[in-house]
Amino acid sequence: MARLPTPGQDNGAWGELLNNYLLQEHTADGTLKIRDDGTLAAYYQKPANGIPVSDLSTGVQTSLNKASFALNVKDFGALGNGVHDDTSAIQAALNNLPAAGGTVFVPAGTYVISSPIQLGEGARLMGAGAGTVLRVAASASGIDVIKIGNGGATVSFAGVSNLKISSDGQKSAGAAIVLNKAYRIWLERYRTGRSLGRR
């Protein structure tokens, strides 16, 4: 009957190769290398912030730079509880997209906004439907909520979808969405309230 390989005890070229492989994550008696805190040995721990993209092969980096790349604002500290200012978290998620763009998902919740959210090349801001609300704080009632393009280099293939843009009070200035040197932009299934429009 066949047996499983025994780390450190198999002979021959294939045995040596196999042993070297197995001993990376096993002790000589065949058990997994475990740290005192019960997790795998440090050799196996991915970096706290994930594997740096630069450590990946060129082909994988190319794949990550496609617009299918997606991030979640909750992973950047957004709470969506209608109280906490989520502006910086949403912008951080957008800023962490690859150069070619991608999607930033905003789960259902009410996200307080106090300064404009800037979308760059290929960036798509996508909510979960009517339950995703970007609400402008009363203290920032004159802001443009979402800006696509900043008047510098032309921005394309960006978009906003599946969310509502509202405010704490009646807005007399600013717009929900502003396009500035932008083309091939998708604005889909979004709703505005309290005198919010686009320009």
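In this predicted model, Leu-119 touches Leu-94, Leu-125, Ile-146, Lys-147, Ile-148, Gly-149, Val-155, Gly-159 and Val-160, leaving aside residues up to four places away in sequence. Leu-119 is also one of the four residues, together with Ile-90, Leu-125 and Ile-146, that touch the most other members of the largest nonpolar core, a set of 30 residues. At least two residues of this core come from each of helix H3 (87–95), S3, strand S4 (109–113), strand S5 (117–119), S6, strand S7 (132–136), strand S8 (146–148) and S10, and H3 gives the most, with four residues. As a general background, nonpolar side chains tend to be buried together in soluble globular proteins.

The chain as a whole has three helices and 13 strands, and buried residues make up 35% of its 199 residues. Among contacts between residues at least 6 apart in sequence, 63% join residues at least 24 apart. The chain exposes about 11,400 Å², and carbon and sulfur atoms supply 53% of that area.

Strand S6 (residues 123–127) can be followed from its side chains to its neighbours. Its side chains alternate, with Ala-123, Leu-125 and Gly-127 pointing to one face and being buried, whereas Arg-124 and Met-126 point to the other face and are not buried. S6 is joined to strand S3 (residues 102–106) by five bridges, and these two strands run parallel; in this pairing Thr-103 stands opposite Arg-124. S6 is also joined to strand S10 (residues 159–167), here by three bridges and again with the strands running parallel, and Leu-125 stands opposite Val-160 in S10.

A further arrangement involves S5 and S8, which form an open sheet of three strands with S11 in the order S5-S8-S11, with parallel pairing. S5 and strand S11 (177–179) stand at the edges, each with a single partner strand, so one side of each is left without a neighbour in the sheet. The twist from one strand to the next averages 20 degrees. Between S8 and S11 there are three bridges, and the bridge partner of Ile-146 in S11 is Ile-177. Ile-146 thus appears in two settings, since it is also among the residues that touch the most other members of the largest nonpolar core.

Two residues that are not glycines have a positive phi, and the table sets out their values and places.

| Residue | Phi | Place | Relative accessibility |
|---|---|---|---|
| Phe-157 | about 60 degrees | loop between strand S9 (155–156) and S10 | 37% |
| Arg-189 | about 45 degrees | strand S13 (residues 186–192) | 60% |

Is each of these residues buried, partly exposed or exposed? Phe-157 counts as partly exposed because its relative accessibility is 37%, and Arg-189 counts as exposed because its relative accessibility is 60%, which is over the cut-off of 50%.

Asp-144 lies in the loop between S7 and S8. With a relative accessible area of 11%, Asp-144 is buried, because this value is under the 20% cut-off. A polar atom of the Asp-144 side chain lies 2.8 Å from the backbone nitrogen of Ala-175.

Terms used: Residues are numbered from 1 along each chain as its sequence is written. This is a predicted model: local features need pLDDT of at least 70, side-chain atom pairs count only at pLDDT 80 or more; totals for chains, interfaces and linings use all residues. Side-chain values use heavy atoms; hydrogens and water are left out. Buried means under 20% relative accessible area, exposed over 50%, partly exposed in between (1.4 Å probe, protein chains only). Two strands pair if DSSP finds at least two bridges between them. A nonpolar core is a set of buried Ala, Val, Leu, Ile, Met, Phe, Trp, Tyr and Cys residues joined through side-chain atoms within 4.5 Å. Contact means heavy atoms within 4.5 Å. Accessible areas come from the Shrake-Rupley method with a 1.4 Å probe; for residues, only the protein chains shown count as cover. A polar contact is a pair of N or O atoms within 3.5 Å; within protein, one must be able to donate a hydrogen and the other to accept it, and residues adjacent in sequence count only if both atoms are side-chain atoms. Axes are lines fitted to C-alpha atoms, for helices over the stretch in contact, and angles run from 0 to 180 degrees between N-to-C directions.
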